[in-house]
There are 2 protein chains.
Amino acid sequence: MSAVRIAGLCKTFRVSAVIEIDDPADDRLADFRDLSTADRRPDRPGGRGLVIAEGVVVVERLLASHYPVRALLGVRRRIEALAPLLETVSAPAYVATAEVMAQTVGFHLNRGVLAAADRAVPHDAETLVSRANSLAVLEGVGDHENLGSIFRNAAALGVDGILLGPRCSDPLYRRSVRVSMGHVLAVPFACLPSWPGSLDLLRDKGFRVLALTPAPDAVLLRDAVREPGRYAVLLGSEGPGLTAEAMAAADARVRIPMSGGVDSLNVATAGAVAFYELAAAR
Amino acid sequence: MSAVRIAGLCKTFRVSAVIEIDDPADDRLADFRDLSTADRRPDRPGGRGLVIAEGVVVVERLLASHYPVRALLGVRRRIEALAPLLETVSAPAYVATAEVMAQTVGFHLNRGVLAAADRAVPHDAETLVSRANSLAVLEGVGDHENLGSIFRNAAALGVDGILLGPRCSDPLYRRSVRVSMGHVLAVPFACLPSWPGSLDLLRDKGFRVLALTPAPDAVLLRDAVREPGRYAVLLGSEGPGLTAEAMAAADARVRIPMSGGVDSLNVATAGAVAFYELAAAR
């Protein structure tokens with residue numbers, strides 16, 4: 001029996017209630033209100049930092065994650081598509097028309113379904129490093145789309161975790177979640193307590209830290225990972241790249257061979273090439 | 001003597017005129033009007049298909065390209081930054097305030113400078129193939145951002161040209177030009193006359209055509225390019241991927257090793273990994 005067919009009858013634990021809503025001002029939709037303008041960052045006044053998933057694929061990944069789901073909102077067709085998974089969560093699923101949804105969230109959603117979750121307890125950097133064989137370490141990756149793409153690429157290419165150094169954006173911001181295809185909810189990440197001092201933590205666990213740079217005097221990425229081992233790739237912000245301190249704290253500076261005269265790749269794309277090489281080193 | 005310092009004095013060939021404009025309705029700004037709504041596709045009624053470059057870096061690449069520049073529009077600071085290059089073009093450079101620019105183009109431009117050019121004579125596919133050692137061949141890449149990223153990655157990783165199969169978008173559309181960082185203006189591209197029959201053209205010139213797919217029974221990309229040679233990578237649209245006909249017409253199906261259960265990479269990112277391997281094969 002699907003969650004949809006039992007709508008309104010059963011509200012016991014681990015079975016979602018499916019509730020129709022036709023008023024965009026309904027208080028029960030508060031988690032989804034004014035998504036384009038509401039600042040949901042937990043570090044801002046009034047920001048609750050809810051995790052918002054958009055679209056069936058990303059909502060599925062949220063439902064499969066350890067994030068505590070609060071509620072879903074979708075058009076009937078999308079909520080029905082998710083019905084089998086809804087049986088495993090205790091959150092209410094609100095069904096509304098596309099118009100009511102658009103008025104609630106403040107823009108037209110062509111993906112037709114949203115879910116909201118609370119933040120989970122953050123991973124501990126040391127535990128994450130202990131369990132990983134390959135890592136990405138980010139410094140100053142402030143662009144939410146680049147951040148999301150890095151998580152998507154890490155998931156696809158088998159990177160075990162992501163460590164956030166200074167000046168990185170929040171990976172759980174709505175746009176990052178969307179661009180990552182929901183993989184920010186699966187790939188473990190942790191903030192590093194000091195910079196670049198925390199890189200010693202990686203070395204203590206046997207990692208070799210490779211700073212990715214377009215500098216022509218750096219070692220070729222492929223040569224740097226010929227030996228099987230535990231590797232961490234250090235990625236800097238697009239434009240300025242890694243700081244001199246980060247570069248100096250790495251075990252080696254590595255480069256992707258670039259065609260003459262061309263500026264470097266997008267940071268997420270360069271990261272993907274590096275993650276691909278790390279996979280070959282395992 | 002810079003083009004800016006001689007503004008209004010000299011309009012002879014190969015020296016740009018710098019002209020101040022304070023009326024957003026000025027007819028001389030027609031190339032830049034309503035950029036967000038005007039359909040500039042040459043295949044649509046009224047579409048002239050002008051090439052629009054945004055920002056100093058992309059405008060510099062346009063000025064260095066073979067595209068016939070018609071005009072520039074920018075705030076004074078940006079036009080001054082381009083002054084040395086403007087001495088080599090005969091197009092007028094219009095200087096306006098940020099407000100006049102915003103009213104002309106229909107949105108606020110944070111890059112501060114634009115240039116418009118006519119389309120150039122398209123490359124001939126056969127000539128392009130003859131001169132190349134590595135190629136990307138696209139089928140159904142309709143997303144302008146993916147298309148732009150593929151050109152950027154091709155330029156960075158030394159792919160010699162891009163061939164467009166059926167259902168690809170226009171690489172010279174404004175968003176593609178911007179996302180490519182202007183590299184669509186430098187990396188040669190051509191439309192293939194038939195599909196997938198035109199792939200024979202590549203084989204005749206000694207190319208091995210590799211279809212990129214996430215299928216687990218495909219050959220590993222790295223193994224497929226171990227021999228030095230001329231390679232062409234076939235990339236399909238995100239989502240459905242390559243059609244069965246394209247797959248069957250390739251010499252080999254190749255894959256990037258993916259982590260268990262994860263959907264494939266973005267098409268531009270997968271392409272970058274493939275281009276990286278092709279560079280290693282040269």
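The following exercises, each with a worked solution, concern a predicted model with chains A and B.

**Exercise 1. Describe the overall make-up of chain A.**

Step 1. Chain A contains eleven helices and twelve strands.

Step 2. Of the 282 residues in chain A, 55% are buried.

Step 3. Consider the contacts in chain A between residues at least 6 apart in sequence: 74% of these join residues at least 24 apart.

**Exercise 2. Determine the strand order of the five-stranded sheet in chain B, and identify its edges.**

Step 1. The five strands of this open sheet in chain B follow the order β1-β4-β3-β5-β2, and their pairing is mixed.

Step 2. At the edges stand β1 (18–20) and β2 (51–54) of chain B, each of which pairs on one side only.

Step 3. On average, and ignoring direction, neighbouring strands of this sheet are turned by 20 degrees against each other.

Step 4. The edge strand β1(B) runs parallel to β4 (residues 93–95) of chain B, and three bridges join the two. Within this pair, B:E20 has B:V95 of β4(B) as its bridge partner.

**Exercise 3. Establish how helix α1 of chain B is placed, and which of its residues are buried.**

Step 1. Helix α1 (residues 56–64) of chain B packs on the five-stranded sheet, where it touches β2, β3 (69–74) and β5 (113–117) of chain B. The direction of α1(B) makes about 25 degrees with that of β5(B).

Step 2. The buried residues of α1(B) are B:V58, B:V59, B:R61, B:L62 and B:L63.

Step 3. The cover over these buried residues includes the strands β2, β3 and β5 of chain B, together with α3 (83–86) and α7 (174–179) of chain B.

**Exercise 4. Decide whether B:V58 is buried or exposed, and list its contacts from elsewhere in the chain.**

Step 1. B:V58 belongs to helix α1 of chain B.

Step 2. The cut-off for a buried residue is under 20% relative accessible area. B:V58 has 5% relative accessibility, so it counts as buried.

Step 3. Leaving aside residues up to four places away in sequence, B:V58 touches B:A53, B:V177, B:M181, B:G182 and B:L185.

Step 4. One of these contacts, B:M181, lies 123 residues from B:V58 along the chain, yet their C-alpha atoms are separated by 5.7 Å.

**Exercise 5. Set out the seven-stranded sheet of chain B and the surroundings of strand β11.**

Step 1. Seven strands of chain B form an open sheet with parallel pairing, in the order β8-β7-β6-β11-β9-β12-β10. Its edge strands are β8 (189–191) and β10 (219–220) of chain B.

Step 2. Strand β11 (residues 230–235) of chain B runs parallel to β6 (residues 134–138) of chain B, to which five bridges join it. In this pairing B:A136 stands opposite B:V233 of β11(B).

Step 3. Five bridges also join β11(B) to the parallel strand β9 (residues 207–212) of chain B. Here B:F207 faces B:R230 of β11(B).

Step 4. Strand β9(B) in turn pairs with β12 (residues 252–255) of chain B in the parallel sense, over three bridges; B:L210 stands opposite B:A252 in β12(B).

Step 5. Two helices that lie across β11(B) can now be added. Helix α6 (residues 144–156) of chain B lies across β6, β7 (161–164), β8 and β11 of chain B, at about 150 degrees to β7(B). Helix α11 (residues 267–280) of chain B lies across β6, β9 and β11 of chain B, at about 170 degrees to β11(B).

Step 6. Five of the six residues of β11(B) are buried, so this strand is largely enclosed by the rest of the structure.

**Exercise 6. Find the relation between chains A and B, and characterise their interface.**

Step 1. Chain A is superposed on chain B by a rotation of 180 degrees with 0.0 Å of shift along its axis, the RMSD being 0.0 Å. That is the relation of a two-fold axis.

Step 2. In chain A, 100% of the interface residues are also interface residues in chain B, so the copies meet through the same surface.

Step 3. The contact involves 27 residues of chain A and 27 residues of chain B. The area buried between the chains is about 2,300 Å², and carbon and sulfur atoms give 55% of it.

Step 4. A:R152, A:A156 and A:Y276 supply 26% of the area that chain A buries against chain B, more than any other three residues.

Step 5. Four salt bridges are found across the interface of chain A and chain B. Among them, A:E238 forms a salt bridge with B:R152, with the closest N and O atoms 3.1 Å apart.

Terms used:
Residues are numbered from 1 along each chain as its sequence is written. Chains are lettered from A and ligands numbered from 1 in the order in which they are written. This is a predicted model: local features need pLDDT of at least 70, side-chain atom pairs count only at pLDDT 80 or more; totals for chains, interfaces and linings use all residues. Side-chain values use heavy atoms; hydrogens and water are left out. Two strands pair if DSSP finds at least two bridges between them. Helices (H or I, at least four residues) and strands (E, at least two) are DSSP runs, numbered from the N terminus. Axes are lines fitted to C-alpha atoms, for helices over the stretch in contact, and angles run from 0 to 180 degrees between N-to-C directions. Contact means heavy atoms within 4.5 Å. Copies are superposed by least squares on the C-alpha atoms of residues with pLDDT of at least 70 in both. Buried means under 20% relative accessible area, exposed over 50%, partly exposed in between (1.4 Å probe, protein chains only). Buried area is the accessible area (1.4 Å probe) that two parts lose on being put together, summed over both. A salt bridge is a side-chain nitrogen of Lys or Arg within 4 Å of a carboxyl oxygen of Asp or Glu.
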